[in-house]
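Student: I would be grateful for a close look at a single part of this protein. Please keep the answer connected, as I am in my first year.

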Amino acid sequence: MSAIGKRYGGVQACHEVDFVLGAGEVHALLGENGAGKSTLMKILSGDVTEYAGSIAINGAPVRFGGPTDAQAAGIAMIHQELDLVPGLSVADNIFLGRELRTPVRTVDRRRMEREARELLDRSGVSLDPRRPVGELRVGEQQLVTIAKAISLDARVLIMDEPTSALTSSEVERLFDVIRELRTGGVGIVYISHRMEEIAKVADRATVLRNGKFVTSFDPRELSTAEVVEAMVGRPVQTMFTTPDSDTGDELLRVENLKLKARRPRPGRRDPDGISLTVRAGEIVGLAGLLGAGRTELLETLYGVAPGGSRTGRILLQGKAILPRGPRHALAQGIGFVPEDRRTSGLVLFHSILANTVVSSLPSYGRLGVIARRMERAASTRMADRLRLKFGRLQDEVGTLSGGNQQKVVFGRMLLTEPKLLLLDEPTRGVDVGAKAEIYRLLGELAAQGLGVLLASSELPELVGVCDRVVVLRDGRDVASFSTADSGEGDLLAAAMGHLDVEGVQ
């Protein structure tokens with residue numbers, strides 16, 4: 001790729017970027033959210049067709065009119081934001097647009113399901129290919145997209161944050177698949193914000209900053225601090241710099257919470273007797289393996305879990321509550337940042353401004369009349385506070401990078417001035433600089449007396465940010481650790497059931 005340029009309105013997403021990938025090479029592409037990584041790869045994969053510069057494959061110039069042209073040329077992309085059809089089965093999604101046919105041209109579902117199962121096995125996941133994708137957890141959907149990309153037999157495979165929703169064992173299996181593909185001569189572009197992965201899997205790395213090429217290097221020769229400095233253009237101190245704060249009175253108490261949904265949800269684990277507390281000014285983490293019930297607990301507390309029989313008690317500032325949906329939860333002072341921002345957190349075709357203020361609209365008007373000036377002022381303040389990278393507040397939020405979209409969801413909840421903030425994988429797909437900003441912000445909020453319940457699959461994040469961590473397994477709380485006295489190994493052992501947790505507090 002030579003001198004690639006792309007502008008979105010007033011934002012220069014890419015500016016004369018050069019990028020080279022060799023056969024059988026894993027080339028990491030690094031940079032902050034908004035650095036131009038996804039735009040560059042969308043151009044290569046045919047998703048973006050209007051751009052400056054040129055692309056050559058095996059020395060031959062190419063110009064794609066869309067993703068189909070790119071796939072025909074041997075280029076496949078695993079997007080950071082999952083591009084699956086929820087109502088279709090796993091097999092239908094894997095072969096969407098390339099359905100296998102019988103001799104009489106009808107869809108050969110039996111063959112599609114058989115080959116889908118083989119692809120899933122190759123990707124290290126055990127799933128029924130007949131299950132609707134909408135029933136799967138985000139991590140399982142991520143594995144389906146990987147299997148789909150492998151099915152294309154691509155010569156160039158672009159992986160945009162492929163491990164963002166995977167467990168540690170699933171990540172290791174993915175690395176095995178990558179090594180297998182590399183041996184077969186496939187060139188892989190690997191985009192990730194997880195520095196520890198880059199040294200393990202990549203042969204070379206390139207850094208972009210503000211849409212421009214910065215440097216290329218052997219990832220085994222530079223320290224994480226040096227790489228991060230190249231990405232953000234400044235030295236970054238210790239990631240976890242949340243200030244110490246004194247905790248106040250008990251804010252949230254959950255007592256033996258159980259939920260039995262009317263309709264069973266395959267792969268989901270509803271609360272089955274969870275008890276925990278969060279005090280004002282305290283950040284409490286939720287740890288657990290995929291399917292332990294972290295997301296389901298947060299959804300129940302926010303009132304968006306499916307209907308069914310619920311037992312146990314939820315008390316907020318000593319008062320029993322029964323969350324009946326987002327509006328009721330927000331009125332009680334509970335905010336929620338969901339794991340899947342594109343499906344549950346944003347209206348992608350609406351503006352940045354509209355997405356930022358939608359949860360707090362009553363605060364910006366009287367008698368049903370919306371005060372536009374107040375909306376803009378509030379959105380601007382929040383954008384500045386979170387260091388949001390954007391062109392205009394009127395731009396569609398879907399045009400932002402994944403990390404900046406996450407900041408919009410975060411900012412919208414903060415504008416509601418919650419007492420308790422529920423966070424589900426709040427730094428998924430967010431670059432190291434933005435992570436440090438979010439951790440700093442959480443520390444400030446805790447110092448102001450806000451309570452935070454944070455679910456994360458990243459153990460260093462839980463240990464570095466939280467005061468305490470509650471470990472879930474099979475929908476139950478099995479241990480509670482003070483992060484001052486415990487480490488990542490303790491959390492993992494408890495989550496896997498390898499730790500005698502009797503008496504652990």
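Student: Against which strands and helices do the buried residues of H8 pack?

Tutor: Please bear in mind that this is a predicted model. Helix H8 spans residues 224-232, and its buried residues are Val-227, Val-228, Ala-230, Met-231 and Val-232. These buried residues pack against three strands, namely S3 (26-30), S9 (204-209) and S10 (212-217), and against two helices, H7 (195-201) and H15. Just after H8 comes Gly-233, which has a positive phi of about 80 degrees.

One of these partners, H15, leads to a further contact. H15 covers residues 432-447, and its axis comes within 13 Å of the axis of H14 (residues 402-415), with a crossing angle of roughly 10 degrees. Because angles under 35 degrees count as roughly parallel, H14 is roughly parallel to H15. On the H14 side, Lys-407, Phe-410 and Leu-414 take part, and they meet Ala-434, Glu-437, Ile-438, Leu-441, Leu-442 and Leu-445 of H15. Sorted by class, this contact holds seven nonpolar and two charged residues, with no polar ones.

Phe-410 and Leu-442 appear again in the largest nonpolar core, which has 73 residues; together with Leu-276 and Leu-453, they have the most contacts inside it. H15 supplies the largest share of this core, seven residues. Apart from this core lies another, of 51 residues, and Met-231 belongs to that one, as do Val-26, Leu-166 and Phe-175. Met-231 is thus a residue of H8 that is buried and is also among the members of the 51-residue core.

Note on methods
Residues numbered from 1 in each chain as written. Predicted model: local features only at pLDDT ≥ 70, side-chain atom pairs only at ≥ 80, totals over all residues. Heavy atoms only, no water. Axes fitted to C-alpha atoms, helices over the stretch in contact; angles between N-to-C directions. Helix = DSSP H or I, 4+ residues; strand = E, 2+ residues; numbered from the N terminus. Parallel < 35°, antiparallel > 145°, perpendicular 65-115°, else oblique. Contact = heavy atoms within 4.5 Å. Nonpolar A, V, L, I, M, F, W, Y, C, P; charged D, E, K, R; others polar. Core = buried A, V, L, I, M, F, W, Y, C linked by side-chain atoms within 4.5 Å. Buried < 20%, exposed > 50% of the residue type's maximum accessible area, 1.4 Å probe, protein only.
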